Amino acid sequence: MTNTIIIYHSKTGFSQRYAQWLAEDLGCRAAPFRERGGVRLAEYGTVVLVGGLYAGRMSGLSWLKKQLPGLKGVRAAAVAVGCAPMENPGLQESMDRLLGDTEGLRGFYCQGGLDYGRMGVVDRAMMAALRAMLRRQKGSEAMLEGVSRSFDGTNRAYLEPVIRWARGEM
């Protein structure tokens, strides 16, 4: 499936891992976001952006949305990678908000993780603020526990819907 390109934006490695797995499974190239200028998206039949989800925003998504009007006939998807578990009840609502009414863009979610050792100063500070807020909220103990330490929640099986979509099976 060489008519597919994966572009990924990854700060701590989880999005990159998913992008590389997708590229292996689909037999295509995975390009880092910083190389996006050298990729002619219109030459591909399928474009998949994989990016981290931070405070309700997905890395690279605004760029992809700006490209869509020039990609007539190209199938496009965004795979948001966040630390929330796959079974999070508010996940679909969050994805709907993230994508809005963007026509021609399919959205997917995959659980990533947290890696405090690879986070920058700003991201660590934001996570510290989140933890402080969660400590003050009643009923947030489970979420606080989930964001209090590094963890890896990636699972290649989470990509199955993306792979089926990219192959035109759904």
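Visitor: Is Thr4 buried or exposed?
Guide: This is a predicted model. Thr4 lies in strand S1, residues 4–9. Its relative accessible area is 2%. The cut-off for burial is under 20%, so Thr4 counts as buried.

Visitor: Which residues does Thr4 touch, leaving out those up to four places away in sequence?
Guide: One of them stands opposite Thr4 in strand S3, namely Thr46. Counting only residues beyond four places in sequence, Thr4 touches Leu26, Cys28, Arg29, Tyr44 and Thr46.

Visitor: How many bridges join S1 to S3?
Guide: Thr4 and Thr46 stand opposite each other here. The two strands run parallel, and the bridges between them number six.

Visitor: Which residue of S5 stands opposite Thr46?
Guide: S3 also pairs with S5. These two strands run parallel and are joined by seven bridges. Across from Thr46, in S5, is Arg75.

Visitor: Which residue in the turn between S3 and S4 has a positive phi?
Guide: S3 and S4 run antiparallel, with two bridges joining them. Leu53 stands opposite Met58 of S4. The strands form a hairpin with two residues between them. The turn residue with a positive phi, about 50°, is Ala55.

Visitor: How many residues of S3 are buried?
Guide: S3 has nine residues and is mostly covered. The buried ones number seven.

Visitor: Which residues have the most contacts inside the largest nonpolar core?
Guide: In soluble globular proteins, nonpolar side chains tend to be buried together. The largest such core here has 25 residues. Those with the most contacts inside it are Ile5, Ile7, Leu41 and Leu105.

Visitor: Which element gives the largest share of this core?
Guide: The elements that give two or more residues are S1, S3, H2, S5, H3 and S6. The largest share is four residues. It comes from H3.

Visitor: What does Leu105 contact, leaving aside neighbours within four places in sequence?
Guide: Leu105 is among the residues with the most contacts inside the core. Its contacts beyond four places in sequence are Leu61, Leu64, Lys65, Leu68, Ala76, Ala77, Ala78 and Leu99.

Visitor: How many residues are in the other core?
Guide: This core lies apart from the largest one. Among its members are Tyr8, Phe14, Val79 and Ile163. Its residues number 22.

Visitor: Why are the buried residues of H3 on the same side of the helix?
Guide: In H3, Leu91, Met95, Leu98 and Leu99 are buried. They sit on the same side because, around the axis, they cover an arc of only 85°.

Visitor: Which residues on the other side of H3 are exposed?
Guide: The buried residues of H3 pack against S3, S4, H2, S5 and S6. On the other side of H3, the exposed residues are Glu93 and Arg97.

Visitor: How far apart in sequence are the parts tied together by Asp123 and Lys11?
Guide: The side chains of Asp123 and Lys11 meet in a salt bridge, 3.2 Å from N to O. Asp123 lies in helix H4, and Lys11 in the loop between S1 and helix H1. Asp123 is buried at 15% relative accessible area, while Lys11 is partly exposed at 39%. The parts they tie together are apart in sequence by 112 residues.

Visitor: Which residues does the network of salt bridges with shared partners join?
Guide: Glu24 forms a salt bridge with Arg156, their closest N and O atoms being 2.8 Å apart. This pair links H1 to the loop between S8 and helix H6, 132 residues apart. Salt bridges that share partners join one network: Glu24, Asp25 and Arg156.

Visitor: How many salt bridges does the structure hold?
Guide: Side chains of opposite charge can pair when their charged atoms come close. One salt bridge is between Arg29 and Glu35, with closest N and O atoms 3.6 Å apart. The structure's salt bridges number eight.

Visitor: With which side chain does the side chain of Arg149 make a polar contact?
Guide: Arg149 lies in the loop between helix H5 and strand S8. It is partly exposed, at 46% relative accessibility. Beyond four places in sequence, Arg149 touches Leu114 and Tyr116. Its side-chain polar contact, at 2.4 Å, is with Glu145.

Technical notes: Residues numbered from 1 in each chain as written. Predicted model: local features only at pLDDT ≥ 70, side-chain atom pairs only at ≥ 80, totals over all residues. Heavy atoms only, no water. Buried < 20%, exposed > 50% of the residue type's maximum accessible area, 1.4 Å probe, protein only. Contact = heavy atoms within 4.5 Å. Polar contact = N/O pair within 3.5 Å; in protein donor to acceptor, adjacent residues only side chain to side chain. Core = buried A, V, L, I, M, F, W, Y, C linked by side-chain atoms within 4.5 Å. Arc of directions from axis to C-beta. Salt bridge = Lys/Arg side-chain N within 4 Å of Asp/Glu carboxyl O. Pairing = 2+ DSSP bridges.
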